[in-house]
Structure formats: C-alpha cells, structure tokens
Amino acid sequence: MSTFAWYSHELCHWHDPGPGSGYVPVGPWVEPLRQHAVDPDLRRAEGLVRASGVLDSFDRLTPEPASDAELELVHTARHVARVEAASAAGGGDAGVYAHVNYHSSRAARLAAGACAEAVRGVVSGRHARAYCLVRPPGHHAEPERAMALCLFNNVAVGARVAQTQGLRRVMVLDWDVHHGNGIQKAFHEDPDVLYVSIHQEGLFPPGSGTITETGAGDGEGSTLNVPLPPGSGHDAYLAAFTDVVVPAARAFRPELILVAAGVDASGHDPMGRMLCTSLTFHSLTTGVCDLAAELCGGRCVFVHEGGYSPWYQPMLVLGTASAIAGMPPPEDPFRHSLDHLPGQRLQPHQKRVIDFLRGHHPLMV
Ligand SMILES: [Zn+2]
C-alpha cells in the first residue's frame, strides 16, 4: 500500500455545463463553441500523470457518492434537492451560472464523496496525503446555492467530515485564481476552520475576498484573504505562502490541512490574469506538505478546483501530483514562455498586500 491516495471517477468526466462559448452559456449573440470547463481536459490531466509514471506512486481509489448526511454537513436539504431536480430534468441552471446535465448530480456527489473518503483515509492514518482529481468543482457553492460551475462544496464537506472524525481545527488553503466565496461563507463565524485564500484581486465573484474580510463573531480572525493584483507570478505566490500562509498556520495550529488546489492561476489560463507555472504549483504543494509535517502529523488533502487551459492544465496537475508524491518538478515544455516574464519576480504593489496582512491580520499581530 502506498502512503499516498489518488481519487478519481469516470462519471466526474460525464458532467458538463452544456453548450456555451468560453464561460458563457449559449444565448443572445453567443454561438456555441466550447465551454472552458469541459471535462475531457481533466481526463487528459490524469492521462499525463499516468504516462509520466507519477501515478504509480499512489493508491488509486474510486470514491463512493457523498450521502445526504455528508452533504448536509454544509448544505441545506433544499439545496441538495434543487441540484438533484435540475439534473434529473436533464439540464438547466441549478443556481447561478451552475448549469448541469443528466449526470451532474451524480458527478457532484462523487466529487464530494472523494473528499470525504480522502479525509477519512488521512485522519485514520491509512494514507499520509491524498489528491482528488474531481469535477464539478466546489469552492463557489454556498450552503444554500450552487454557483459558477460549483454544485456541492467538496472541500467544505471534507472539512466538516474531518470534524466528525474527531479533529477540531482544520485549515483550508485555496489557491484557485477565483475567491472561494462558498468555503468562506460556510466557515465565516467558525473559529475552528481557518480559510486562507490566495486569489486574483476583484476577479470573481465581484467584490468577494477582500483583504478586510477576516471572519465574524466567534470566527473573527479565521478568514484570511490574500487578494494579489493581476499579473502576479511565481515569486508573489511563494512570498504569499512563506510570509502569510506559514505564519498564519503556525498561529492557528491545524490538525489537518485541506487545499482547494485549482490551477487556473497559471499564465496560460483563459479565466485569470496570473502567471503561475507548474513549478509554482509544485513549490506550493511541497510547502503545504512540509507545513503539514511540522504542524499536523503530515496530514494534508488536495482537491482539484478550477483549471481551464486545455493544453497546460495537465502539466499543472502533474506538478501538483509530483510534489504530493515527493518527486521533483516535471520537465515542463510550456514553461519557457512564462519563466522570463518580468511579472514572475515579486513587484512592490504585490508585496504591499503581503505586508498589509502581516501588519493587520488578527493571526499575525
Ligand atoms: Zn477558479
């Protein structure tokens, strides 16, 4: 048995958000072309990890669908029923820009179920680390509504499942280029779940994920947003990790680290304006593994979220997977077009965000 678990399921590839162009559904002045979030791209990602040999380092596991009880650790029963009904009808919008097909509710239950199982496996010590290559993504899904491709909040369900397994303090790190409003909302007043998001400032949802949102009530200080300016690259992400995420984690002392490991902050992604490479995701993932070793017995679970470059996403997933398996970064033939860009070095306007948080966030003052 390997130390590392890999969860994926064929039916996760059968969900799709319907006909569209880019990220916009077909409608007035929109001719059908291709939605960014088409799931054959994710199959290519798993194919590359397999072809590279890295997948051989993992136990490959097939998840069970999340139960109603697991989903309702985060979502209302009414929300779950709405997703099921939209899917059973064969299509439609289950929330806000959350289009489904016949297979979507099953795929979404499998995605959340993978997180639940991965967490149980890591908490029990069966595996040291786990990766869930699942769709649909989850971090925009709020307790009461589906949103922006996300039906059930996979990572939030994972955090709550960890608490049913006897853990109390869970840290969720989200490096998807968009802000994980759904995760933040689920734990906004919860002092036992620290939500840290590194995202592109002001991208999506509009107005969400500002630097001054730090939680509320008993949860004051348990939300930490790092809204980096567009154009941020490798060094800005590593500085945010080293100078913000690490000290915040040390102050919070989690018993498990969950990562919403989207790869849409890459320099080739059509949905964001950041510059990360496969080396960035390898470095961040290695950083999380080291932090987990220092703080919580090595327990960490990574869950795929966004990623919309059909040609680059596989290499980014390989970068993440290689680091989880303790292997060196992959040889990446796409990096030459990104590495030399001036924005890869930490810029003063990016550093100001990091310095502000170090001087003002409740976990660091
Ligand atoms: Zn995203």
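A salt bridge, as the term is used here, is a side-chain nitrogen of Lys or Arg within 4 Å of a carboxyl oxygen of Asp or Glu. In this predicted model, Asp 41 and Arg 34 form such a pair, since their closest N and O atoms are 3.0 Å apart. Side chains of opposite charge can pair when their charged atoms come close. The two partners differ in how far they are covered by the rest of the protein, because Asp 41 has a relative accessibility of 5% and therefore counts as buried, while Arg 34, at 34%, counts as partly exposed.

By this rule the count of salt bridges in the model comes to 16, and a few more of them are worth following through the structure. Asp 192 pairs with Arg 168, with 3.1 Å between the closest N and O atoms. This pair links distant parts of the chain, for its members are 24 residues apart: Asp 192 sits in the loop between helix H6 (181-186) and strand E11 (193-200), and Arg 168 in the loop between helix H5 (154-164) and strand E10 (170-174). Asp 192 is counted as buried because its relative accessible area of 16% falls under the 20% limit. Another salt bridge brings together the side chains of Arg 335 and Asp 339, at 2.9 Å from N to O, and here Asp 339 is partly exposed, with a relative accessible area of 30%. Salt bridges can also share partners, and in this way Asp 68, Glu 84 and Arg 109 are joined into one network.

From these charged pairs we can turn to the metal site. The zinc ion is coordinated by Asp 176, through two OD entries, by His 178 through ND1, and by Asp 264 through OD, at distances of 2.0 to 2.8 Å. Along the chain these donors follow the spacing D-x1-H-x85-D. Why is the site of the zinc ion called irregular? The angles among its four donor atoms run from 52 to 153°, and four donors count as tetrahedral only if all angles lie between 85 and 135 degrees, while square planar needs opposite donors over 155 degrees apart, so neither name fits this site. As for their surroundings, Asp 176 is buried, with a relative accessible area of 1%, and His 178 is buried as well, at 7%.

His 178 also leads us to the largest pocket, where it is one of the residues that lie nearest the centre, together with Tyr 23, Ala 148, Phe 204 and Met 271. In total 26 residues line this pocket, and about 450 Å³ of space lies in it. By class, its lining has 16 nonpolar, eight polar and two charged residues.

Finally, two pairs of residues show how spacing along the chain can be set beside distance in space. Thr 286, which has its place in helix H8 (residues 278-295), is partly exposed, with a relative accessible area of 27%. Thr 286 lies 110 residues along the chain from Asp 176, and the C-alpha atoms of the two are separated by 17 Å. His 234 is found in helix H7 (residues 234-252) and is buried, with a relative accessible area of 13%. His 234 and Ser 124 are likewise 110 residues apart in sequence, but from C-alpha to C-alpha they are 34 Å apart in space.

How values were computed
Residues are numbered from 1 along each chain as its sequence is written. This is a predicted model: local features need pLDDT of at least 70, side-chain atom pairs count only at pLDDT 80 or more; totals for chains, interfaces and linings use all residues. Side-chain values use heavy atoms; hydrogens and water are left out. On a 1 Å grid over the protein atoms alone, a cavity is a set of points where a 1.4 Å probe fits but cannot get out, and a pocket is an open set with protein on both sides within 12 Å along at least five of seven lines; lining residues have an atom within 4 Å of a point. Grid points are joined across faces, edges and corners, and a volume is the space filled by probe spheres set on the points. Ala, Val, Leu, Ile, Met, Phe, Trp, Tyr, Cys and Pro count as nonpolar, Asp, Glu, Lys and Arg as charged, and the others, Gly among them, as polar. Buried means under 20% relative accessible area, exposed over 50%, partly exposed in between (1.4 Å probe, protein chains only). Helices (H or I, at least four residues) and strands (E, at least two) are DSSP runs, numbered from the N terminus. Donors are N, O and S atoms within 2.8 Å of the metal (3.2 Å for Na, K and Ca); water is not among the atoms, so sites may look incomplete. Four donors count as tetrahedral if all angles lie between 85 and 135 degrees; four count as square planar and six as octahedral if opposite donors are over 155 degrees apart and all others between 65 and 115; anything else is irregular.
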